[in-house]
Structures are given as structure tokens and as C-alpha cells.
Amino acid sequence: MPTLQIDGQSVTVEDGINLIQAAERLGIEIPHYCYHPGLSIAGNCRMCLVEIEKSPKLQIACNTIAGEGAVVHTQNARVKHARAAVLEFLLINHPIDCPICDQAGECKLQDYYMDYDGQESRFALEDKVRKHKARDIGPLIMLDQERCILCTRCTRFLEEVTGTGELGVFERGDHCAIDLFPDRRLDNRYSGNVADICPVGALTNKDFRFRARVWYLDHTPSVCTTCATGCNIDIHHRRGEVFRFRPRHNPDVNQYWMCDEGRLSYKRVQGEGRLLQPVVRDSGGWAVRTWADARAQVVGRIRDALATHGPGSVAGIVSAQATNEEIFLFDRLLRAGLGGALGALSWSPADATFDDFLIDADKNPNSAGLRTLTSGTTDLATLLAQAREGAVRVLLLLRADLAAPFGSEMLDALGETVGCVVVLDTHFGATAEIADVLLPIATFAETDGTFINRAGRVQRVRESVPPPAQVRPGWQALSELLADVRGSAVPIDASAVFSELAADHVPFRHLSYSRLGEQGQRLDPGTDGR
Ligand code: SF4
Ligand code: SF4
Ligand code: FES
């Protein structure tokens, strides 16, 4: 634990961290391009030069370990002069692209020029070295060689993280350029990360380019729900529209990265196929209803079934797409409230992609939560067999798409034999087609809740955008159904539901929304549901 001085302030830091990180502890920014905490040190951009007393020359902070007794200056005239000189050098051949560059607003060349340079170029426009612009180098990535400052973050990522090595540095001197190796495309499963780490507008994301100016976007911390890893993300949104997902650092889950499939999954949370209003099937077909009417229909059918056929006539199936809060309330409604049977569904395609890094073959965000919260539930095959035989009169499906795992024949059979199918879901699909009551609930980008990832880490999702007007968060829809059935009070928010869950389930007892924070917490050791 060395103690050193940076700009006159004393700081004690962990062993082995560099001067950029040590300065961060004091809130001091040392500008840098090539340094990235998730990659090896290259030390090529020289933007991080600082003065260390007793060292005759300026030193690069990224490759200097914070040492006991060091006295470091990051703001003196010598350092400022060096920074301005480095920026002038980096900008010699840089194109005048800022007005049309989609990196504007998150470009470190723009930011550092304004903070540390501000001088006019001494280099004539016509003397700039021309390179390739707007080259489509992969399904997700566009390359502009002229904007590149040759920091090699991208090549190091492709060598050290994915091990795929599609990009390299070619030529010499001011003709140096980043390019694809012959006959290669940048098409690995994590390619989008290179656009995140490129500090300038040389590598941009084709899916996001020119769709929004980044300074208008708000960010909400969340987690990806496309597989069981639960990579931490920020949801970038504006005026109720989600524009992109970007990875958020969590050393216990995804470090700094996410896969392309998860990155593009933002498209599924809004758009086509959304269920937008409660709908009830009557003799004339489907009819739009208010929430109160639709709930009254559900409760009436449940009461009829219980009165005529007894407790076994009501059943529910919840999938590992549901949040812990929803699973908890659904279980309370089905088993404690109605004495019915509960089935748990965690299904992924047999040919689901996976690797030994982040991508998991389990394509559900909450299989561990489902296991933890639904012990003692009815075997799903048995429950479905009973339903096919006509023993189930009311079947509630919570985010449970039965079409993919069981096929259309099973759905048709359920549609025939079950008196009333109630579907609580986000999108219309084959399962929704057999519904007698459709209750539209929020996507994970529109609701507060928690998931448990494959390593037993409880992580929060947050309402980043409001759900459409007639769509309710799942926890609210279920709480209102519970209130109708049992007369219980409706919790004020998802956090209150989580508190009840934590009081009921031992593995969660030490947890609350505030304790989960932005990085999540593990369940009690040994109780992660595996
Ligand atoms: S393309 Fe971007 S990340 Fe790659 S070397 Fe150039 S500036 Fe760095
Ligand atoms: S690895 Fe899984 S959780 Fe991570 S971004 Fe990809 S799909 Fe999402
Ligand atoms: S960040 Fe230190 S040399 Fe580039």
C-alpha cells in the first residue's frame, strides 16, 4: 500500500496500480488514449506524460506503477506543454471531420483538444495524408482510417480478449493505418466492443451511427437479459426510446465487455409485436378492456373454477424470463393464494450459441432465480399432461412462451382443453394466440426488478423508459391480481416487493435494492440455486 503525492495531495493506494489509476483516487484526470484498464499496456500515445520528481524526463503514467514516496505533477507547465505538443502531433493528419463525425460528444480528441490544447494547426490542409474513409469492415463496424490515432486498443482487444486478431497496423510512418488482414472481416461475436474502446471516431457502430447525438441520451444502469451471464450494461435512451446498450464495468461478471447478440437485443425491448392493451376474448373475438375489467374477468374465471372443480383446477407456469419479484408474487398468487399448481420453465434452444468467455448456452436471464424461488413446484411435464387431460380450468402463463419448447400441437391442445388461458407477457406470439385474457406487461427496460445470473449474483434492472400507457410492470399487475384474490395491499414499488421476498426466502435475507447497488451481490454462499 504505497503512499505518494500527486499535485500536492497525499494518497495511499493498492499495490501495483499505475499513476492514472492512483490519480483517479484523488479525482485527478490524467488524459490518455492507448491505456485501457482491460488491456495490456502499449504506451504508444504519450498523452499521459507526467512529471515525477527526481526523474529527469517526463514519464508515461500508464506504464508507471504508483511507488512509495513518489512526488508526481500532472498539471505543471512542463506537463501541459507536453500534452499540447502530443495533441498537435496527433492532429497533424487528422481530417476536419468533427461536424460530420458520429463520435462527436464522446471523442477524446475533441475533449482533450478543448481541455489541453486549443492551438491552431500549423499544418496545411492540403498536406494531410489521405487514407481510406467509411470502410465497412464487419457486420457491426465501420472503419475510418484517417481518424485513427493508432493507439492499438482495437488490435490489442482482438488479440488479448477475443484472440481473433482480425485487425493490424500496416505501413510505416505517417502512412501507418489500421486495417483488416487479407481476406478477413471483423465478424467475431464480440466485435461491437472495438467501437466502444476506440477513443476517436475511427471505429464506429453501424447500428448506432447517425441515429442520435450522444449528448441527448440518458443512461440507466441495467443488465443484459439475453443469456444467463447477465452482463452489466447501460441503457442509452431518450424521450422513451431505447437507442443502444453498452457494456458497464463489473469485474465479477463481464469486466468491460459484452457480446454482439446482447448488444443488439435492445431492438427487442420495444417495437413490433408489443402487447399494448389488456384484451379479453369473448364471443365476438378479442376485445380491448380496461385493466380492472380484464382482471375482473380473470378473477371471475378463477373463482368459478375453484367453486366447481376445486383447487387443482387452477395452475400457472412462470419462465426464467421473469424477474425474482414477479416469480415471488406469481408463486404467492398460485400456490398460497389459490392452492394451485405452479410449473417452472427454463428453456433454451438445443443449438444455442455459447463459449468459454461470456456467452452462456442458457438463454434466460434468471434460471438461477427460478430455481431458488420455486422449489417444490410441480414437474412441468406432469402439469401440462394434467392440463391436456382437462384437469386445469384456468392456466396463467407468466412470460412463459410454450410454443418453442413444446410446439404448436401442445398449444392447440391446451387451447382446446383449458377453459381459460391467461397470458401475462410483453409480445404477441403463438402462445398469446391461445389466450382468453392477455395482460400486457413491461419489458426489462421498463420495469424495476432483479435477476440472478449463472454465478449466483443478484443484479438489478431498472425502469429506464416508461412502459406504454396501458402496459404495467409485471410486479404491479401481479400485486393487483393478488389484491383482488386475497385482499392484500398493493406494494408501492418493486423495492417493497423485494423486501417481502427477502423476508420470505433465506438466501435473500441479507439483500435489499440499496445493498445490491449497481454491481449486484451474491446470494448467501451455497444457496445460489444450483
Ligand atoms: S481504430 Fe481506434 S482503437 Fe484502433 S488504433 Fe485507431 S484509434 Fe485506436
Ligand atoms: S454474454 Fe450473455 S449477458 Fe453478456 S451481453 Fe452477451 S447475451 Fe448478454
Ligand atoms: S495512455 Fe500512456 S502512453 Fe498512451
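Strand 1 (residues 3-6) and strand 2 pair in the antiparallel sense, with four bridges between them. One bridge joins Thr3 to its partner Thr12, which belongs to strand 2. The structure described here is a predicted model.

**The five-stranded sheet**

These two strands are part of an open sheet of five strands, ordered 2-1-5-3-4, in which the pairing is mixed. Its edges are formed by strand 2 (9-12) and strand 4 (59-60), each of which pairs on one side only. Helix 2 (residues 77-91) packs on this sheet and touches strand 3 (49-52) and strand 5 (71-73). The direction of helix 2 makes about 160° with that of strand 3.

**The hairpin of strands 8 and 9**

Strand 8 (residues 167-170) and strand 9 (residues 177-180) are paired in the antiparallel sense over four bridges. Within this pair, Val169 has Ile178 of strand 9 as its bridge partner. The two strands, 8 and 9, form a hairpin with six residues between them. In the turn, Glu171 has a positive phi of about 70°. Ile178 is also one of the residues that surround ligand 1.

**The three-stranded sheet**

A further open sheet consists of three strands in the order 21-22-23, and its pairing is antiparallel. Strand 21 (449-452) and strand 23 (521-522) each have a single partner strand, so one side of each is left without a neighbour in the sheet. Strand 21 is joined to strand 22 (residues 457-461) by four bridges in the antiparallel sense. Ile452 has Val458, in strand 22, as its bridge partner. Helix 8 (residues 324-338) lies across strand 21 and strand 22, and runs at about 95° to strand 21.

The antiparallel pairs described above are set out together below.

| Strand pair | Bridges | A bridged residue pair |
|---|---|---|
| Strand 1 and strand 2 | four | Thr3 and Thr12 |
| Strand 8 and strand 9 | four | Val169 and Ile178 |
| Strand 21 and strand 22 | four | Ile452 and Val458 |

**The surroundings of the ligands**

Ligand 1 sits in the second largest cavity. Among the residues around ligand 1 are Cys148, Cys151, Cys154 and Cys198, together with Ile149, Leu150, Thr152 and Arg153. Val200, Ala202 and Leu203 also belong to the surroundings of ligand 1. The shell around ligand 1 divides into ten nonpolar residues, one polar and one charged.

Which residues surround ligand 2? They are Cys224, Thr226, Cys227, Thr229, Gly230, Cys231, Met258, Cys259, Gly262, Leu358 and Ile359. The shell around ligand 2 comprises seven nonpolar residues and four polar ones, with no charged residue.

Methods:
Residues numbered from 1 in each chain as written. Chains lettered and ligands numbered in written order. Predicted model: local features only at pLDDT ≥ 70, side-chain atom pairs only at ≥ 80, totals over all residues. Heavy atoms only, no water. Near = heavy atom within 4 Å. 1 Å grid on protein atoms, 1.4 Å probe; cavity = no way out; pocket = protein on both sides within 12 Å on 5 of 7 lines; lining within 4 Å. Sits in = over half its atoms within 2 Å of the grid points. Nonpolar A, V, L, I, M, F, W, Y, C, P; charged D, E, K, R; others polar. Pairing = 2+ DSSP bridges. Contact = heavy atoms within 4.5 Å. Axes fitted to C-alpha atoms, helices over the stretch in contact; angles between N-to-C directions.
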